[in-house]
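Thanks, everyone. Let me put the structure up, and then I'll walk you through it.

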Amino acid sequence: MWDLIDFPIKVLSDPKAALAAAGSRFIATAEALPRKPNCTTVFQTRIFGSRNVPDGDWQKGKLLEEQTRLIIGATRNWAKSVVLWNLVLNQNHEPYLGGCTTCRGVITVNDAASPAQVIETVDFTALGHASKFVQPGAFRIESNSFGQGSLEDVAFQNPDGSIALLVLNGSGSITPFNISWRGAYASAILKPGVVATFRWTPTH
């Protein structure tokens with residue numbers, strides 16, 4: 001759903017209609033979803049990164065911040081997946097069959113070099129902040145987030161009981177903050193545009 005965002009929102013906002021919907025797949029955003037999942041499954045799929053080129057593209061500037069915000073925004077709004085597309089492209093953004101000719105892969109393989117070079121992109125880094133620490137079967141838990149332009153975050157509890165907290169400092173200044181969980185506290189400081197993942201196992 002790229003340009004028909006109002007339709008799934010209307011369906012999921014209706015309690016009776018939402019019960020009949022098995023799920024909803026979104027391209028690019030799930031941030032506008034109703035605040036309750038209404039027993040449906042939401043998937044954030046097929047978003048891609050595009051290089052900043054003269055003929056115009058929609059993604060410019062702070063790429064790590066943008067891709068991390070996508071992960072935080074989608075999962076805070078009930079998405080059960082965040083998929084970046086394409087997985088692998090070469091240094092010329094290939095292969096492609098029409099469509100986007102400047103897309104960025106999660107990994108770039110420079111096949112002009114000998115031997116070929118495998119280069120992790122900013123998308124790889126953003127996904128790694130979640131996928132390295134959030135285990136299969138984890139579920140999102142409530143955390144306060146201050147929104148775009150400040151500290152943005154999302155938290156998960158893993159099947160082994162550990163907690164993973166992904167934090168983005170989207171402000172323009174160094175920001176100190178505290179992490180509190182059941183009477184235990186920790187302090188951290190993030191520079192502007194920095195992403196950090198915290199993981200800990202609570203003690204009883």
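I'll take two sheets, then a helix, then the salt bridges. One caution before that: this is a predicted model.

Start with the sheet built from strands 5, 7 and 8. It is open, with 3 strands in the order 5-7-8. The pairing is mixed. Which strands stand at the edges? Strand 5, residues 88–90, and strand 8, residues 117–120. Each has a single partner strand, so one side of each is left without a neighbour in the sheet. On average, neighbouring strands here are turned by 30° against each other, direction ignored.

Look at strand 7 next, residues 107–110. Strand 7 runs antiparallel to strand 8, and 4 bridges join the two. If you want a landmark, find Ile107. Opposite Ile107, in strand 8, stands Glu120.

Now the other sheet. This one is open too, with 4 strands in the order 9-10-11-14. Here the pairing is antiparallel. The edges are strand 9, residues 139–141, and strand 14, residues 195–200. Each of those edge strands pairs on one side only. From one strand to the next, the twist averages 25°.

Strand 9 pairs with strand 10, residues 151–157, in the antiparallel sense over 3 bridges. The landmark this time is Phe139, whose bridge partner in strand 10 is Gln157.

What packs on this sheet? Helix 3, residues 63–76. The helix touches strand 9, strand 10, strand 11 and strand 14. Strand 11 covers residues 163–169. The direction of helix 3 makes about 50° with that of strand 10.

Keep helix 3 in view for the charges. How many salt bridges does the model have? The count comes to 5. I'll show three pairs.

Pair one is Arg69 with Glu65. Their side chains meet in a salt bridge at 3.0 Å, N to O. Both residues sit in helix 3, 4 residues apart, which means they are separated by about one helical turn. Are they buried or exposed? Arg69 has a relative accessible area of 13%, so Arg69 is buried. Glu65 is at 8%, so Glu65 is buried as well.

Pair two is Arg76 with Asp153. The side chains meet at 3.6 Å, N to O, again in a salt bridge. This pair links distant parts of the chain: Arg76 is in helix 3, Asp153 is in strand 10, and they are 77 residues apart. Recall that helix 3 touches strand 10. Arg76 is buried, with a relative accessible area of 14%. Asp153 counts as buried at 6%.

Pair three takes us away from helix 3. Arg104 and Asp123 meet in a salt bridge at 2.5 Å, N to O. Where do the two partners lie? Arg104 is in strand 6, residues 103–104, and Asp123 is in helix 4, residues 122–131. The partners are 19 residues apart in sequence, so the pair ties those parts together. Arg104 and Asp123 are both buried.

One last point on the charges. Salt bridges with shared partners join Glu65, Arg69 and Glu152 into one network. So go back to pair one with that in mind: Arg69 and Glu65 both belong to this network.

To recap. The sheets are 5-7-8, with mixed pairing, and 9-10-11-14, with antiparallel pairing. Helix 3 packs on the second of these. Arg76 in helix 3 and Asp153 in strand 10 form a pair that links distant parts of the chain. That's my tour.

Conventions: Residues numbered from 1 in each chain as written. Predicted model: local features only at pLDDT ≥ 70, side-chain atom pairs only at ≥ 80, totals over all residues. Heavy atoms only, no water. Pairing = 2+ DSSP bridges. Axes fitted to C-alpha atoms, helices over the stretch in contact; angles between N-to-C directions. Contact = heavy atoms within 4.5 Å. Salt bridge = Lys/Arg side-chain N within 4 Å of Asp/Glu carboxyl O. Buried < 20%, exposed > 50% of the residue type's maximum accessible area, 1.4 Å probe, protein only.
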